[in-house]
Amino acid sequence: MSFLLPDAGLLFWMLIVFGIVFFILAKYGFPVIISMVEERKLYIDKSLKSAREANEKLADINARSEALLKTAHEEQARIMREALSMRDRIVKEAREKAEEERAEMLEETRRIIRMEKEDAMRDIRRQVALVSVEIAQKLLRKELSESTKQYSLIEEFVDETMNKHQDK
Amino acid sequence: MRGSNLFLAALLLHVAMFLPQKSFAAQTNSDTSAVDVKKIIFEHVKDAYEWHITTWGDKHISIPLPVILYSERTGWVAFSSEVFHHGEEYMGFRISHNGDNEGKIVEMGADGKEKRPIIDISVTKTVFAVLLNAIILVVIVLLIARRYKRKGHTLEAPRGFVGAFEMLVVMVVDDIAKPNIGAEYKRYVPYLLTAFFFIFLSNLMGLIPIFPGGSNVTGNIAVTMALAICTFLAINLFGNREYWKEIFWPDVPMWLKVPVPLMPFIEIFGMFVKPFALMIRLFANILAGHTVVLAFVCIIFVTMAVNTAIGSAMTVLSVLFTVFINFLEILVAFIQAFVFTMLSAVFIGLSQPKHHCNDK
């Protein structure tokens with residue numbers, strides 16, 4: 001079984017060759033590959049991390065913009081509400097004012113009408129007095145042309161006056 | 001699976017050894033063209049001074065390799081192995097055909113017996129294959145490293161061959177080195193990677209049947225021994241104080257250490273057993289794989305020599321089996337590289353014990 005005995009020459013060569021291969025690969029081969037793999041691993045980890053951060057940032061931005069939108073909506077609603085209430089108030093005020101003015105004018109008109117009426121009444125009364133005095137004058141002049149009639153009229157007046165007093 | 005592989009190999013070897021003898025007997029021992037399966041297999045799995053590629057008719061096509069020897073008689077000599085082509089002798093050296101040194105270069109000693117030169121560092125077939133594998137491995141790794149350097153880490157992950165290579169690198173680092181060695185794993189990663197890829201590449205190259213492949217590199221015990229020595233160095237050169245304390249003064253009852261250092265003896269024995277197990281495991285697995293494949297291929301020629309009809313039927317079966325075994329061997333190629341690296345990492349991890357006694 002000679003192949004169970006290691007051959008010295010072959011062992012010698014194998015040690016030398018393997019040693020050289022080991023030296024070359026350990027210096028120029030494997031460290032490069034391993035470091036690159038490591039670096040790529042780190043790079044991938046970093047990229048994943050930054051992607052996650054970017055996603056988070058994006059989500060944050062989304063949330064913020066949504067919040068912004070929401071407040072804007074609220075603001076809009078508030079402004080609308082205010083505008084509506086202001087309109088209502090203005091309309092109400094205007095109506096009240098118009099009402100007041102109308103009432104004032106009405107009052108004024110009434111006052112004027114009343115004054116005019118009083119004036120007219122006063123006028124009429126005066127006219128009536130004058131007319132009645134004139135009528136009375138004319139009547140008196142006509143009636144007093146006869147003495148009997150004068151007496152009877154005087155009596156009539158006196159009676160009337162008396163009755164008036166008695167009634168009282 | 002390892003055991004069953006070996007068992008299968010042994011079984012087939014026996015079958016293969018007996019079959020030709022039967023056919024020899026049947027053919028009145030005169031037919032020299034009968035297939036000697038044992039010889040074929042042994043010639044393949046053993047080392048040689050030339051790389052025999054194929055035989056075309058009577059012409060041997062092979063790559064001659066340099067022979068480098070040192071002997072008392074001639075001093076340092078170097079020549080091409082072509083000189084031994086037809087069993088000739090050169091400068092008093094020849095290739096032995098029998099005895100302990102069969103297939104090795106020998107010279108005649110003063111006592112008239114064959115003896116090996118003092119130093120034989122010839123570039124044999126296996127040495128040449130080791131060199132080829134080493135060059136291929138270095139080129140592959142340096143090209144990939146250059147690609148990484150050029151492209152940087154910000155580009156997308158590599159695909160195809162580079163991606164597969166990176167996957168294996170990451171596997172060795174993350175699944176073998178990190179969990180087994182612990183905090184100090186970075187120091188050992190280059191060695192583990194080199195060992196893993198060297199073994200894996202050599203295993204795969206061994207499965208390719210023609211020239212740059214097909215050599216039995218990791219199925220040669222000298223090769224696995226060199227690898228085991230490297231692991232032994234990796235384990236013991238950087239072992240921490242706790243490791244050496246556990247070897248020479250372990251936490252056992254006093255009578256196990258003094259006066260007879262029983263436990264230290266066992267521990268020191270263990271130091272050598274660990275890499276020895278690595279050496280034998282890899283060697284036996286790959287040798288068995290090569291043997292099984294060759295045995296299945298040889299069945300074709302053996303049965304053809306007996307009977308053409310049986311031979312034809314067996315050819316189909318044998319090819320099917322060879323394909324199956326080859327697939328299995330691809331798996332074994334990976335598993336053995338993985339196991340060697342994994343166990344190296346485990347043993348290295350054992351040489352870096354933490355102060356667990358104080359923790360309790």
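## Exercises on a predicted two-chain model

In chain B, β3(B) and β4(B) form a hairpin with 3 residues between them. The model is predicted, and the exercises below start from this hairpin.

**Exercise 1.** Work out in which sense β3(B) and β4(B) pair, over how many bridges, and which residue stands opposite L69(B).

*Solution.* Begin with the limits of the strands: β3(B) covers residues 66-71 and β4(B) covers residues 75-80. Next, follow the pairing, which is antiparallel and runs over 6 bridges. Finally, locate L69(B), whose partner across the pair is V77(B) in β4(B).

**Exercise 2.** Determine the strand order of the open sheet that contains β6(B), and state which strands lie at its edges.

*Solution.* The sheet has 3 strands in the order β5-β6-β7 of chain B, with antiparallel pairing. The edges are β5 (93-95) and β7 (114-115) of chain B, each of which pairs on one side only. To inspect one of the pairings, take β6(B), residues 105-108, which joins β7(B) through 2 bridges in the antiparallel sense; here M108(B) stands opposite E114(B).

**Exercise 3.** Compare the span of helix α6(B) with the expected value, then describe how covered the helix is and what caps its N-terminal end.

*Solution.* Helix α6(B), residues 221-237, has 17 residues, and the distance from its first C-alpha to its last is 23 Å, close to the 24 Å expected at 1.5 Å a residue. The helix is mostly covered, since 13 of its 17 residues are buried. At the N-terminal end the cap is N220(B), which places a side-chain oxygen 2.9 Å from the backbone nitrogen of A222(B).

**Exercise 4.** Describe the packing of α4(B) against α9(B), and then place T341(B) within it.

*Solution.* Two packed helices are described by the angle between their axes and the distance between the axes. For α4(B), residues 160-181, and α9(B), residues 308-350, the angle is about 30° and the axes are 8 Å apart. The crossing is right-handed. The contact involves, among others, L168(B), M171(B), V172(B) and I176(B) from α4(B), together with residues of α9(B) including F334(B), F338(B), T341(B) and A345(B). Now turn to T341(B), which is found in helix α9 of chain B. Its relative accessibility is 0%, so T341(B) counts as buried, the cut-off being under 20%. Setting aside residues up to four places away in sequence, T341(B) touches V172(B), I176(B), L192(B) and F196(B).

**Exercise 5.** Decide whether H44(B) and R111(A) are each buried or partly exposed, and describe the surroundings of H44(B).

*Solution.* H44(B) belongs to helix α2(B), residues 37-45. With 19% relative accessibility, H44(B) counts as buried, because the cut-off is under 20%. Apart from neighbours within four places in sequence, H44(B) is in contact with K125(B), G214(B), N216(B), H290(B) and L294(B). R111(A), by contrast, lies in helix α1(A), residues 8-143, and with 34% relative accessibility R111(A) counts as partly exposed. As a further step along chain A, consider A51(A), which is 60 residues from R111(A) along the chain, with 87 Å between the two C-alpha atoms.

**Exercise 6.** Summarise chain B by its secondary structure, its burial and its contacts.

*Solution.* Chain B has 10 helices and 8 strands. Of its 360 residues, 44% count as buried. Among the contacts in chain B with a separation of 6 or more, 62% come from residues 24 or more positions apart.

Conventions
Residues numbered from 1 in each chain as written. Chains lettered and ligands numbered in written order. Predicted model: local features only at pLDDT ≥ 70, side-chain atom pairs only at ≥ 80, totals over all residues. Heavy atoms only, no water. Helix = DSSP H or I, 4+ residues; strand = E, 2+ residues; numbered from the N terminus. Expected span 1.5 Å × (residues − 1). Buried < 20%, exposed > 50% of the residue type's maximum accessible area, 1.4 Å probe, protein only. Polar contact = N/O pair within 3.5 Å; in protein donor to acceptor, adjacent residues only side chain to side chain. Pairing = 2+ DSSP bridges. Axes fitted to C-alpha atoms, helices over the stretch in contact; angles between N-to-C directions. Left-handed = near helix turned anticlockwise from the far one by under 90°. Contact = heavy atoms within 4.5 Å.
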